[in-house]
Protein chains: 2
Amino acid sequence: MNNIFKKAIQLIDKSQVIAIASHIGPDGDNIGSIMAIGKYLEAAGKEVHYLKHDNIPDYLLFLPGLEKFEQFNELLEPDLFIAVDCAEKKRLGWPEDVFKKSKRTINIDHHSTNTNFAEINIVDAEVSSTGELIFELLEFSNYVFDSLTAMYLFTAISTDTGRFLYESTSKRTLEIVAQLIGTGFDRAFVNKALWQSKKMSEARLYIDALSKVEFFQNNSLAISTISLKMASKYHADIEGTEDVINFIRDIDGIELAVLIKEKKSGVYKVSLRSKEYVDVSNIALKFGGGGHRRAAGFTFYGNLNELQKQLYSILTGVM
Amino acid sequence: MNNIFKKAIQLIDKSQVIAIASHIGPDGDNIGSIMAIGKYLEAAGKEVHYLKHDNIPDYLLFLPGLEKFEQFNELLEPDLFIAVDCAEKKRLGWPEDVFKKSKRTINIDHHSTNTNFAEINIVDAEVSSTGELIFELLEFSNYVFDSLTAMYLFTAISTDTGRFLYESTSKRTLEIVAQLIGTGFDRAFVNKALWQSKKMSEARLYIDALSKVEFFQNNSLAISTISLKMASKYHADIEGTEDVINFIRDIDGIELAVLIKEKKSGVYKVSLRSKEYVDVSNIALKFGGGGHRRAAGFTFYGNLNELQKQLYSILTGVM
């Protein structure tokens, strides 16, 4: 990887206007990684443009500096475009147009489904998170980690490992986290924001969703469906209930957990989690989505019954 | 601390028959720490006695070697008694009698309420867990950590930090965890046992308990009560629902979470968790219990209404 790091650093060194872009439906790893590399680029005197297609979820709004993100910029023609945590070009959303107009491109990601769509591809599906890759890249360039950069990367790694739970969490991951903590950022504040600030409305929706989970295949498959009607009952944001799927997956005997969220009428966001052997990224791919072996997802346009029928037939085929 | 470590190692070196004892209601830190120091002592050729008053909870039964524990041994008169993770003598249960008959005694603990009841007291309320203290002691003695000892200590530290969430998790804690992981034990297996193996019956009881939580003091105080009747409805072990309190504490705005579990008729186990400023060990002390600033507990003998009345009056006084 050092050879690719070297090429990337050289390319960054000779670029002045640099765009960094998130993916559709950004998460903690995506936003934390972007803010960290942005801080590094700003320290190097670059003109940095932070691009996003979608809004940043509520639980990440505690991060300082998010106001730098541009929701749209059609005039931008950067020297360099850096796609972060993004498995394929079309997952960029509108920034894909900026990508096409950019002179040079870098792609930094840890999804196994990454299509290596840029000129320089820093892609490693073995690491815990894109945040871990950004750490390695910055350390390779001898960057001195300040507490703010550390806070961004801690957020990225902590969220994408389920707080150091997933198998991807290596000895090296924890050494990096120890080093980040050593910079002295307010970790209690970050942990509270990430893990201890469920909204009351979302907690109530979460409890309701749990009480309605359905179990199949001798209790190895669990499916939860959250409708907009349920969300509105508690005045809750349906996006804030992603944890339902983790709760279900973590029940003894469950191999595959599925969460279907009604985003709007006729549009369903489906999350898939497995525990030991089902490769859920394969299932997501069949529906035009993507992800990792143990965590993946896709969006379905159509009728809920049709979705459930297709999904159930595929799921029972792999179990 | 090095001076005390040195004294403890000297005392261990000249002892042959050594008892290690858990506390009443043992947890992951307690059992993991005992098994680790026991492995160290066995490697040094000692005759080791593992003593426990109470049964080991189900979620720890995956640990190898637990059959070594003795539930009762009235003839034992050890050269050395090591109390582990135990804040005061009477929390030992029946092994307190063995403690009294022991020639020499060591007390290894990280509870701020520890009474320094032994001859050598390795007590540090700043560290994350007793497991972390045991690691430091063993490392001080130049012990070579094998994967089984590492698995025991990982279990101790992971459970007592809420998987590296609590403020007590330091840079050093994570360096230790990285070193433990480096020994190559099956961490996916351990994580699955600790964090991803909720029993279906207990998951159902958990959901029911969540749906009945009561909120007070402008939603900053939450109290959940789980009765034996609720547990029997789901054929669930009431001891397996401790996570209810963590869920409640982690709701935005909640400072103090309380879980009352009916152990048997007229006997209630009360757990207290705070988020930022309430010292719950002080509250537990008023009821004859103990613990840490952010996590403590006690047992109440009497009537539920009386308990609720006393508790509510004290709780509202500190908020």
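Is strand S8 of chain A, residues 221-226, mostly covered or mostly exposed? Keep that in mind as we walk through this predicted model; the tour comes back to it shortly.

**Stop 1: the whole of chain A**

Start by selecting chain A and showing it as a cartoon. You should find 12 helices and 12 strands. Turn the view along the principal axes, and the C-alpha atoms fill a box of roughly 55 × 40 × 35 Å. The radius of gyration of chain A is 20 Å, which agrees with the value near 20 Å for a compact globule because the chain has 319 residues.

Now colour the chain by burial: 56% of the 319 residues count as buried. If your viewer can draw contacts, take those between residues at least 6 apart in sequence; 64% of them join residues at least 24 apart.

**Stop 2: strand S8**

Next, select residues 221-226 of chain A. Here is the reply to the opening question: strand S8 is mostly covered, with 5 of its 6 residues buried.

Add residues 214-216 of chain A, which make up strand S7. S7(A) and S8(A) run antiparallel and are joined by 3 bridges. The two strands form a hairpin, with 4 residues between them. Look in the turn for A:Gln217, whose phi is positive, at about 50°.

Then bring in residues 256-264 of chain A, strand S9. The pairing of S8(A) with S9(A) is parallel and spans 6 bridges.

A:Ile223 is a good residue to label here. Opposite A:Ile223 of S8(A) stands A:Glu214, while in S9(A) the bridge partner of A:Ile223 is A:Val258.

**Stop 3: the second largest pocket**

Rolling a probe the size of a water molecule over the atoms shows where empty space is left. For this stop, display chain B as well.

The second largest pocket has a volume of about 210 Å³. It is lined by 15 residues, and the closest to its centre are A:Leu210, A:Ser211, B:Ala203, B:Arg204 and B:Ile207. Select those five residues to centre your view.

Which helices supply at least two residues each to this lining? Show helix H8 (200-211) and helix H10 (243-249) of chain A, then helix H8 (200-211) of chain B, and you have them. H8(B) gives the most, with 6 residues.

To finish, colour the lining by class: 11 residues are nonpolar, 2 are polar and 2 are charged.

Notes: Residues numbered from 1 in each chain as written. Chains lettered and ligands numbered in written order. Predicted model: local features only at pLDDT ≥ 70, side-chain atom pairs only at ≥ 80, totals over all residues. Heavy atoms only, no water. Buried < 20%, exposed > 50% of the residue type's maximum accessible area, 1.4 Å probe, protein only. Pairing = 2+ DSSP bridges. 1 Å grid on protein atoms, 1.4 Å probe; cavity = no way out; pocket = protein on both sides within 12 Å on 5 of 7 lines; lining within 4 Å. Points joined across faces, edges and corners; volume = space filled by probe spheres on them. Nonpolar A, V, L, I, M, F, W, Y, C, P; charged D, E, K, R; others polar. Rg over C-alpha atoms; globule rule 2.2 N^0.38 Å. Contact = heavy atoms within 4.5 Å.
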